[in-house]
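Here's a quick tour for a newcomer. Have a look at the structure first, then read on.

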Amino acid sequence: MAARDADYRPALTQALESSLAYLDSLGERPVGVSTTLAEMREALAIPLAEDGVDAERVIMDLVAASDPGIVASSGGRFYAWVIGGSLPAAIAADWMVSTWDQNAGAYACSPAAATVEEAAAGWLKELLGLPAEVSCGFVTGCNMANTTCLAAARHALLARREWDVERQGLAGSPPIRVLTSPAVHGSLVRAARFVGLGTDAIIKLEADDRDQLRPEALEAALRESDQPTIVLLQAGDINIAAFDDFAMLIPLAKKHGAWVHIDGAFGLWAAVSANYRHLVAGVELADSWATDGHKWLNVPYDCGYAFVRDTEAHRASMGLMTAYVDISEDAREATSWNPEWSRRARGFPTYAAIRQLGRKGVEAMIDRCCRHCLALTEGIGGLPGVEILWRPHLNQGLVRFGDSDEETDRVIAASHTHGGAFFTGTVWRGQRAMRISVCNWQTTDADVEVAIQTVGEILTAGS
Ligand SMILES: *Cc1c(COP(=O)(O)O)cnc(C)c1O
């Protein structure tokens, strides 16, 4: 064998064995960690060494030192934030991405990466029920997908006012306002900062008792001013998976010349299921959409998608205009669609995940997560002193303990050290609540039982 083989094999073999050992441990492993920051620093923040170490030893040491600080969020008993696991084909494809080490910025750097992204983008549009002709950027996550879409919106809205924002910048431009609801995600507020709109431009209009933006409130705001306007709608917010009424609101916004953007980090995936598709009715009418692969599609981090109807606005805001790369007229040039130049070939895991599952498999995964979320919410809701604040209509439920913020916080905190299941909290309608968020393909009925039992034990221990 070539020397090269000998150089790579020990470290890669070590990584394979450590990976399999970790994945095998997920069923039994405590979900949270019991380490402290001081212990993690002690183990990992070691002095810079003059001399190197065998690659295999580097991996062994790294795995051993990191293990106490690894949260089992890739397993089936983690219900915090909105965090998916990783499908086998997606993890393996992600390894290949590192092995091939392609720069997926340009077709010329990697015809395979560009073509896989093109194919995966087509599959995503079909799965999510988006128009076939919209452009798609593969970005690091939904925060950057929201940013990319807002940059395209900024371009299009200002171009209509004879303002070339890419050339002239924002100083002196007609100010853009952003109309949305209180359910808007923090990443959109951040995106508004990144693209120079400023957080003062965001106007949170009134929502109803299902956290949906009220049509009367939107209509009144649209009538109030003919300023360039972005309407930000929500496909699944992080508290209750609130969905705005797209079929009603989008035509209204369009009538007033607004750009409609939809944040559907996980909620856009409702479109793949016959049981939940009604939640996104009319979603295809929007101008841009942001969603994640690393949440509900269960591919490894980092993976988000930005879709834009006005492909010229998308390209004008993101495109890389340099002389030293030949931009192909025919093939996909990723630099036209996302805010990076050199970049990871993040289309491969998406391609692999969708191939592993097929359309039916993706639908079954979404349905299963929703079923587990309902069972968890009802199971925990059936324990003494527990109130169900939101019975899930998708994959997000809310419960509260002992009608008390303190008791709710105690249960959440205890779940981080108990090991059986892991939850986080929120404030909803002025009260602390525990979120029950299910996004992982691995969660089973048995995991749900263990999680309900875990909360039962935490309640007993505190009484
Ligand atoms: C997670 C999330 C985001 C941000 O996505 P990242 O992938 O973390 O960047 C935006 N909106 C909603 C509704 C989310 O749940």
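## Around the ligand

For sorting residues, Ala, Val, Leu, Ile, Met, Phe, Trp, Tyr, Cys and Pro count as nonpolar, Asp, Glu, Lys and Arg as charged, and the others, Gly among them, as polar. By that scheme, the ligand's shell holds four nonpolar, seven polar and three charged residues. This is a predicted model, where local features need pLDDT of at least 70, side-chain atom pairs count only at pLDDT 80 or more, and totals for chains, interfaces and linings use all residues. Residues are numbered from 1 along each chain as its sequence is written, and side-chain values use heavy atoms, leaving out hydrogens and water.

In total, 14 residues surround the ligand (a heavy atom within 4 Å of it). Asn143, Asp263, Asp292, His294 and Lys295 are the closest.

## Polar contacts

Some of these are polar contacts (pairs of N or O atoms within 3.5 Å). Aspartate 263 has a polar side-chain atom 2.7 Å from a ligand nitrogen, and histidine 185 has one at 3.4 Å from a ligand nitrogen. On lysine 295, a side-chain N or O atom sits 2.8 Å from a ligand oxygen. Taken alone, the ligand exposes 380 Å², and the protein buries 84% of that (areas by the Shrake-Rupley method with a 1.4 Å probe).

## Backbone oddities

Aspartate 101 isn't a glycine, yet its phi is positive, about 50°. Aspartate 211, also not a glycine, has a positive phi near 60°. Are they buried or exposed? Aspartate 101 is exposed (over 50% relative accessible area) at 62%, while aspartate 211 is buried (under 20%) at 14%.

Finally, tyrosine 301 and aspartate 302 are joined by a cis peptide bond, with omega about 0°.

Note on methods: Polar contact = N/O pair within 3.5 Å; in protein donor to acceptor, adjacent residues only side chain to side chain. Buried < 20%, exposed > 50% of the residue type's maximum accessible area, 1.4 Å probe, protein only.
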